[in-house]
Structure formats: C-alpha cells, structure tokens
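Biologist: I am new to this model and would like a close look at a single part of it, taken slowly. Please choose one place and tell me what surrounds it.

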Amino acid sequence: MSKLKLEHGVSRIRRAKLQSSIDQTVADDIELLANWSNNETNYVINELLRFALTQEEDFQKYKATTSATAARAATTSKPAPTPIKSVSEPAAKPDATVSGTAAHA
C-alpha cells in the first residue's frame, strides 16, 4: 500500500474553485493535518485528493482510455489544409490585380 507524503511548508499552487460539503470530523482532521504539516488547508485537501485518485485503479484505467480517446479525436480532426488553401487563394488574387494594373500603365 502506498503512503501519503506531505511536504512541510509547501502550499503555493494554482487552484480551481471546487465547492463541497464534508463531514465535520473529516474537516477537523484536515485542519489538524494542515497545522501539523505547516501547510494551507487547500494544499492538504489537494494532496489527499491527488493521493486518493492515484490509488483508485479503475479510475486510472478509465482516465487512460479517456485520454487516449481524446488524443485519437484530436489527430483524426487534424486535417486542416482546406483553410490554408482558402487563405492563400485571396492572397493570389491581389497579385493578379496588381500585375493587371501594371500592364495598363
């Protein structure tokens, strides 16, 4: 079984807001763990959640298949030469207009 390891005094990370209600006993333990490790409560919660997510094998398998599916979708929807051609076509028309105008002068 893996162990959760909290680094003391490391709690400055980028965050996204997630609101949730937890049992008071869990909240008390998290606050105590934050005090013990000299970290912010948010950091402790993030580490606990990260640890729990890595321990759940079925979720990790699901995450891997989801990532693989997203990667495949990104590569199959990649062919974008059409917009490149349409951009270069208007650029060619002004050249023809310029050379046609120069021929009249």
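Modeller: Let us start from Glu 7, which, once its neighbours within four places in sequence are set aside, is in contact (heavy atoms within 4.5 Å) with Ser 37, Asn 39 and Tyr 43. Before going further, please keep in mind that this is a predicted model, in which local features need pLDDT of at least 70 and side-chain atom pairs count only at pLDDT 80 or more, while totals for chains, interfaces and linings use all residues. Residues are numbered from 1 along each chain as its sequence is written, and side-chain values use heavy atoms, with hydrogens and water left out.

Glu 7 lies in the segment before α1, and although 30 residues of sequence separate Glu 7 from Ser 37, their C-alpha atoms are 7.1 Å apart in space. Ser 37 itself belongs to helix α1, where helices are DSSP runs of H or I with at least four residues, strands are runs of E with at least two, and both are numbered from the N terminus. With a relative accessible area of 0%, Ser 37 is buried; that word stands for under 20%, exposed for over 50% and partly exposed for values in between, using a 1.4 Å probe and protein chains only. Apart from neighbours within four places in sequence, Ser 37 is in contact with Leu 6, Glu 7, His 8, Gly 9 and Val 44.

The loop between α1 and α2 holds both Asn 38 and Asn 39, and the two can be described side by side. Asn 38 is exposed, its relative accessible area being 58%, and its phi is near 60°, a positive value in a residue other than glycine. Asn 39, in turn, counts as buried because its relative accessibility is 9%. The side chain of Asn 39 is also joined to that of Ser 37 by a polar contact of 3.1 Å, a term for N or O atoms within 3.5 Å, one able to donate a hydrogen and the other to accept it, with sequence neighbours counted only through side-chain atoms on both sides.

On either side of this loop, α1 covers residues 24–37 and α2 covers residues 41–55, and these helices pack at an angle of about 110° with their axes 9 Å apart. The two helices are therefore roughly perpendicular to each other, a description used for angles of 65 to 115 degrees. Where they meet, α1 contributes Ile 30, Glu 31, Leu 33, Ala 34 and Ser 37, while α2 contributes Thr 41, Val 44, Ile 45 and Leu 48. Ser 37 thus appears in this meeting of helices as well as among the contacts of Glu 7.

As for the setting, the protein chain has four helices and zero strands, and its elements run α-α-α-α from the N terminus on. Of its 105 residues, 9% count as buried, and Ser 37 and Asn 39 are among the buried ones. Finally, of the contacts in the chain with a separation of 6 or more, 67% come from residues 24 or more positions apart.

How values were computed: Axes fitted to C-alpha atoms, helices over the stretch in contact; angles between N-to-C directions. Parallel < 35°, antiparallel > 145°, perpendicular 65-115°, else oblique.
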